[in-house]
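Please walk through this protein with the sequence and the model side by side. The paragraphs below go from single positions to helices and cores.

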Amino acid sequence: MSTHRRLATALLAAGALTAALAGCASGAPGATGSGSSTAGASTAPALTGTVTVFAAASLKSTFTQLASDFEAKHPGAKVTLNFAGSSDLVTQITQGAPADVFASADTKNMAKLTDAKLVDGAPVNFATNVLEIAVPPSNPASISAFADLAKPGVKVVVCAPQVPCGAATETVEKATGTTLTPVSEESSVTDVLGKVTSGEADAGLVYVTDVKTAGDKVKGIPFAESDQAVNTYPIAAVGTSKNKEQAAAFIAAVTGSEGKKVLSDAGFGTP
């Protein structure tokens, strides 16, 4: 074989070896070719920290469950819950209480925070509720209708007018032409329920969800006029929150499919 032919053969062999090595490299671990399944993959950071939720008293049972579900889904996160009458919660927030999320039992109290520019973004309506009469299991005053609450001698307990359940009560009174004379006006719907379960009242005006939660501790008396005062529940992030990511995630949990199911199972309606 001539010198020139041997040189050409050697160059061809070297080129083939180089191509083969390049092909192996492209399939090696860590390669960035289009055939790599891990190219561009990324993992979102886990949600951590605490989110403080101020919620209407009538949401205690459902939000306690939703908070537990939220913490299970996000092991690094914690939910702190504060329940009270919506008007009391608004007062606390406007006075500087460190809340991240506010869930109100009516749109009127949420509007107070919105007007004060203490809400981050537009509130989202997530549930509705209506009133029901709660009486002790023995129903000592023989209550069967809303008008019965105005009978002489009936010890009825209601929410104060500034509380959503109290405002709803006043709406029903006006719609039916019935005037109640309560023995006490409470700052939250759970306080009204407590008066009934303790036997201090013959009847109390609470929400259908409260009656359901109370189980056999009370007897519920539905009344047709309750549809005159349907309360809509909005939720929003508080503008002064320092935990906006956690607040947004909790709101998403409440307004999402899982949250809707928990609320529906508790007797809440949809907005």
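Helices and strands here are DSSP runs, a helix having at least four residues and a strand at least two, and they are numbered from the N terminus. The model is a predicted one. By that count the protein has 9 helices and 10 strands. Of its 271 residues, 41% are buried. Among contacts between residues at least 6 apart in sequence, 77% join residues at least 24 apart.

Val-130 gives a concrete case of a contact between distant parts of the chain. Val-130 sits in the loop between strand 4 (119-129) and strand 5 (131-135). Its partner Val-230 is 100 residues away along the chain, yet the two C-alpha atoms are separated by 5.1 Å. Beyond its neighbours within four places in sequence, Val-130 touches Val-206, Tyr-207, Val-208, Ser-226, Ala-229 and Val-230. Is Val-130 buried or exposed? Its relative accessibility is 21%, and buried means under 20%, so Val-130 counts as partly exposed.

Thr-128 belongs to strand 4. Its relative accessibility is 12%, so Thr-128 counts as buried. With neighbours within four places in sequence set aside, its contacts include Val-230. The others are Asn-231, Thr-232, Tyr-233, Phe-268, Gly-269, Thr-270 and Pro-271.

Next comes the packing of nonpolar residues. In soluble globular proteins, nonpolar side chains tend to be buried together. The largest nonpolar core in this model has 62 residues. Within that core, the residues with the most contacts are Leu-59, Phe-63, Phe-126, Ile-133 and Leu-149. Leu-149, leaving aside neighbours within four places in sequence, is in contact with Ile-133, Ile-143, Val-154, Val-156, Leu-180, Ala-203 and Leu-205. Another core, of 14 residues, lies apart from the largest one and has Phe-102, Leu-113, Leu-118 and Val-238 among its members.

The helices can be taken in turn. How do helix 3 (residues 86-94) and helix 4 (residues 107-115) cross, and at roughly what angle? Their axes come within 9 Å and cross at roughly 10°. Helix 3 and helix 4 are therefore roughly parallel to each other, since angles under 35 degrees count as such. From helix 3, the contact uses Ser-86, Ser-87, Val-90, Ile-93 and Thr-94, and from helix 4 it uses Asn-109, Lys-112 and Leu-113. Sorted by class, the residues of this contact are 3 nonpolar, 4 polar and 1 charged.

Helix 5 (residues 164-176) allows a check on geometry. At 1.5 Å a residue, its 13 residues should span 18 Å, and its end C-alpha atoms are 18 Å apart, which agrees. The buried residues of helix 5 are Pro-164, Cys-165, Gly-166, Ala-168, Thr-169, Val-172 and Glu-173. Gly-177 follows helix 5 and has a positive phi, near 70°.

Two residues that are not glycine also have a positive phi. Lys-117, in the loop between helix 4 and strand 4, has a phi of about 60°. Asn-139, in the loop between strand 5 and strand 6 (156-159), has a phi of about 45°. Which of the terms buried or exposed fits each of them? Lys-117 has a relative accessible area of 73% and is therefore exposed, whereas Asn-139 has 12% and is buried.

Conventions: Residues numbered from 1 in each chain as written. Predicted model: local features only at pLDDT ≥ 70, side-chain atom pairs only at ≥ 80, totals over all residues. Heavy atoms only, no water. Buried < 20%, exposed > 50% of the residue type's maximum accessible area, 1.4 Å probe, protein only. Contact = heavy atoms within 4.5 Å. Core = buried A, V, L, I, M, F, W, Y, C linked by side-chain atoms within 4.5 Å. Axes fitted to C-alpha atoms, helices over the stretch in contact; angles between N-to-C directions. Parallel < 35°, antiparallel > 145°, perpendicular 65-115°, else oblique. Nonpolar A, V, L, I, M, F, W, Y, C, P; charged D, E, K, R; others polar. Expected span 1.5 Å × (residues − 1).
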